[in-house]
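Look at the model below and follow one helix through it. The paragraphs after it go from that helix to the core.

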Amino acid sequence: MTSVEQKITFGDDSDDGQSRIRKPDWRRTYTNRLIVTDIAVLIWAVFGSWFVFSPNSDVALSVPSWVPIPINYAAVSAFLVVFWAAVLAAVGSRGYRMIGTGTAEFKAIIQSGLIVLVLIAMVTFLFGVQFSRLYILLAIPSGLGGLFVSRWVWRSWLGARRARGFYSS
């Protein structure tokens with residue numbers, strides 16, 4: 001048995017009691033590829049926006065006096081990438097019923113961008129943290145655009161594989 005294949009025994013459910021070999025599900029592999037691509041796109045969009053906004057300096061945010069440490073845009077950018085990736089997972093943008101067909105995948109991407117934008121607005125308002133509007137204005141649309149393009153590329157790749165008889169349910 002190779003490392004790619006898994007041995008599954010059906011015990012009492014099988015009449016002959018023999019083992020069957022099953023390859024890993026293609027959807028899990030495809031979803032893992034989407035996760036890696038999504039994170040790469042978000043890193044590009046968020047950190048790219050930070051470099052465009054402030055290429056040579058490490059500007060600290062204006063935070064309330066009760067925050068004990070200074071917070072800079074590098075830390076905010078790292079948090080934003082992780083948070084946005086988590087929101088993408090929470091809205092189900094990589095769900096098995098969503099990937100590869102229909103518009104639900106793209107609606108989930110838009111939903112994730114809106115959730116991130118609204119939560120940033122709430123944090124800045126409620127806690128008095130001052131973000132640069134230019135930074136957010138660059139990060140959110142470029143992240144959404146990058147996610148759209150990457151999903152479209154993956155969807156085209158999946159369609160070509162399906163046309164050759166692979167990656168079907």
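Which residues are exposed on the other side of helix 2? This is a predicted model, in which local features need pLDDT of at least 70 and side-chain atom pairs count only at pLDDT 80 or more, while totals for chains, interfaces and linings use all residues. Residues are numbered from 1 along each chain as its sequence is written, and side-chain values use heavy atoms, with hydrogens and water left out.

Helices are DSSP runs (H or I, at least four residues), numbered from the N terminus. In helix 2, the buried residues (under 20% relative accessible area, 1.4 Å probe, protein chains only) include Tyr73, Leu80, Trp84 and Leu88. Seen down the helix axis, the buried residues of helix 2 fall within an arc of 165 degrees, so they line one face; the arc is that of the directions from the axis to the C-beta atoms. On the other side, Phe79, Val82 and Ala90 are exposed, that is, over 50%. Helix 1, helix 3 and helix 4 are among what covers the buried residues of helix 2.

A nonpolar core is a set of buried Ala, Val, Leu, Ile, Met, Phe, Trp, Tyr and Cys residues joined through side-chain atoms within 4.5 Å. The largest one here has 25 residues, and Leu42 and Trp84 are among those with the most contacts inside it. Helix 2 gives the most to this core, with 8 residues. Leaving aside neighbours within four places in sequence, Leu42 has contacts (heavy atoms within 4.5 Å) that include Val81, Trp84 and Leu147. Another core, of 6 residues, lies apart and includes Trp26 and Leu158.

Methods: Helices (H or I, at least four residues) and strands (E, at least two) are DSSP runs, numbered from the N terminus.
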